[in-house]
Amino acid sequence: MQERFAADRNLGKLVKWLRILGYDTLSERGDADRDFLRRAAEDGRIVLTRNRDLARRVQPASLVFVAADRVETQLGEVLNALNIAPDPARRMSRCLHCNVPLDAVTKAAVEGLVPAYVSGTQPRFRRCPCCGKIFWPGTHPRRAEEYLRTRVPALRSPLS
Ligand SMILES: [Zn+2]
């Protein structure tokens with residue numbers, strides 16, 4: 001089963017990137033506290049935190065302490081710590097804002113909702129059932145892919 005995460009409020013950019021990669025990732029509004037840890041544990045989520053004290057108190061198997069400041073390095077830290085590689089097929093399958101899986105929608109369904117040049121060139125669309133935002137392969141993945149490949153060490157090697 002794919003890993004699921006719960007991140008503290010200091011890791012907003014990392015949350016977005018994990019969702020781009022397809023990971024179910026909750027963002028905690030406050031600092032990581034006892035309640036947050038309990039909910040994450042009940043939910044089977046791995047806690048991501050910048051709180052070093054918290055990291056000392058929790059079993060390493062269910063928590064990753066994120067030390068880096070830059071998001072691409074943070075992403076590398078998490079993937080390396082857990083020894084996981086994202087499944088390329090899952091990329092862009094989840095809303096960046098709502099963290100819910102996107103629905104596949106037809107080109108006809110998005111007619112008038114996306115720019116004409118987009119509906120003319122893109123074959124596949126996905127829509128968030130929660131916020132209604134429409135995503136397509138060109139939304140940002142090309143730059144995202146390049147960014148990930150060049151900046152995140154864990155993604156440089158071919159996925160096994
Ligand atoms: Zn959404």
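Two strands count as paired if DSSP finds at least two bridges between them, and with that in mind you can begin the tour of this predicted model.

**First stop: strands 5, 6 and 7**

Select strand 5 and strand 6 (residues 125-127), and you will see that the two pair in the antiparallel sense over 3 bridges. To look at one of these pairings by name, click on Asp103, whose bridge partner in strand 6 is Arg127. Now add strand 7 to your selection, since the three strands form an open sheet with the order 5-6-7 and antiparallel pairing. Strand 5 (103-105) and strand 7 (134-135) stand at the edges, and because each has a single partner strand, one side of each is left without a neighbour in the sheet.

**Second stop: strand 1 and its partners**

Move next to strand 1 (residues 4-7), which is joined by 4 bridges to strand 2 (residues 24-27), the two running parallel. Between these strands the chain passes through helix 1 (residues 12-20), and this β-α-β crossover from strand 1 to strand 2 is right-handed. Strand 1 is also joined to strand 3 (residues 46-49), again in parallel, by 3 bridges. Phe5 is a useful residue to select here, for it stands opposite Thr25 in strand 2, while in strand 3 its bridge partner is Ile46.

**Third stop: helix 2**

Select helix 2 (residues 34-42) and colour Phe36, Leu37 and Ala40, which are buried. These three residues lie on the same side of helix 2, because they cover an arc of only 95 degrees around the axis. If you then turn to the other side of the helix, you will find Arg34, Asp35, Arg38 and Glu42, which are exposed. Bring strand 1 and strand 3 back into view, and you can follow how the buried residues of helix 2 pack against both of them. Before leaving, step to Gly44, just after helix 2, where the backbone takes a positive phi of about 70 degrees.

**Last stop: Val78**

Finish in helix 4 (residues 71-82), where you should select Val78. Is Val78 buried or exposed? With 26 other C-beta atoms within 10 Å, Val78 is buried, because the cut-off for a buried residue is 20 or more. Leaving aside residues up to four places away in sequence, Val78 touches Leu48, Val64 and Val66. If you draw a distance from Val78 to Val66, C-alpha to C-alpha, the viewer should give 7.2 Å, although the two residues are 12 residues apart in sequence.

Definitions and conventions
Residues numbered from 1 in each chain as written. Predicted model: local features only at pLDDT ≥ 70, side-chain atom pairs only at ≥ 80, totals over all residues. Right-handed = clockwise from strand over helix to strand, strands pointing away. Buried ≥ 20, exposed ≤ 12 C-beta atoms within 10 Å, placed from the backbone. Arc of directions from axis to C-beta. Contact = placed C-beta atoms within 7 Å.
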